[in-house]
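Student: I'd like to learn how to read burial, salt bridges and cores in a model. Can we go through them one at a time?

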Amino acid sequence: IFTNPQTGADPAMVEQGESHIDAAYGGEDFTAYTLINKRDGLYYVFGKLWGKHIDDCLDEIQRIQARYNAGRIFCEDNGDKGYLAKELRRRGERAFVYHENQNKYIKITSYLKAEWRNVRFVSGTDKEYINQICDYNENAEHDDAPDSLASSIRRLWSKTEKENITIFR
């Protein structure tokens with residue numbers, strides 16, 4: 001579905017963007033981190049993929065957040081009951097949690113496919129992050145990067161707060 005990714009955009013284009021984490025808690029899953037900023041109808045994306053537990057990625061995520069002066073971090077609570085958002089807040093990050101109700105395949109094919117021609121990956125994005133997206137299909141073994149990017153695009157697409165984001169204080 002996703003061919004000819006646009007790569008090599010200026011990393012400055014993601015500065016002050018917002019982030020999304022698709023966290024792995026064990027097994028064969030990956031932790032996917034997406035930093036995104038929408039400018040002039042284009043989605044500038046920095047993506048990183050780790051084949052390890054989210055707790056082993058948080059220090060690097062915080063360094064990336066600081067390097068790009070990134071804002072809010074979004075994460076779903078379906079698998080962890082809000083653990084990741086609480087841990088990020090404990091570390092001083094502005095973390096927001098939401099409950100995902102949409103089928104992953106429908107979300108990816110609806111939002112990411114619809115906006116694919118407007119996605120620009122900045123220099124420094126993990127090759128494996130992009131490969132996981134380009135290799136995506138309904139039966140893909142791994143879908144962490146496309147899920148994270150589709151969730152990010154959906155947030156920026158709507159421009160409204162329709163998703164019932166619960167902010168834990």
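Tutor: Sure. Start with a cut-off: buried means under 20% relative accessible area, exposed means over 50%, and partly exposed is in between. Keep in mind that this is a predicted model.

Student: Then how does R72 count at 24% relative accessibility?

Tutor: R72 counts as partly exposed, because 24% falls between those cut-offs. E18, at 10%, counts as buried.

Student: What does E18 form with R72?

Tutor: A salt bridge, with the closest N and O atoms 3.0 Å apart. E18 sits in strand 2 and R72 in the loop between helix 1 and strand 5, so the pair ties together parts 54 residues apart in sequence.

Student: How far apart in helix 2 are R90 and E87?

Tutor: Three residues, which means about one helical turn. They form a salt bridge too, at 2.7 Å between the closest N and O atoms. R90 is exposed at 62%, while E87 is buried at 14%.

Student: Which residues are joined into one network by salt bridges that share partners?

Tutor: Look at R154 and E100, whose side chains meet at 2.7 Å, N to O. R154 is in helix 5 and E100 in the loop between strand 6 and helix 3. Both are buried. Shared partners join this pair with K104, K107, D143 and D147.

Student: And which residues have the most contacts inside the largest nonpolar core?

Tutor: I21, Y33, F46, I61 and L88, in a core of 24 residues. Strand 4 gives the largest share, four residues. Apart from that core lies another, of 21 residues, including Y43 and L112.

Conventions. Residues are numbered from 1 along each chain as its sequence is written. This is a predicted model: local features need pLDDT of at least 70, side-chain atom pairs count only at pLDDT 80 or more; totals for chains, interfaces and linings use all residues. Side-chain values use heavy atoms; hydrogens and water are left out. A nonpolar core is a set of buried Ala, Val, Leu, Ile, Met, Phe, Trp, Tyr and Cys residues joined through side-chain atoms within 4.5 Å. Buried means under 20% relative accessible area, exposed over 50%, partly exposed in between (1.4 Å probe, protein chains only). Helices (H or I, at least four residues) and strands (E, at least two) are DSSP runs, numbered from the N terminus. A salt bridge is a side-chain nitrogen of Lys or Arg within 4 Å of a carboxyl oxygen of Asp or Glu.
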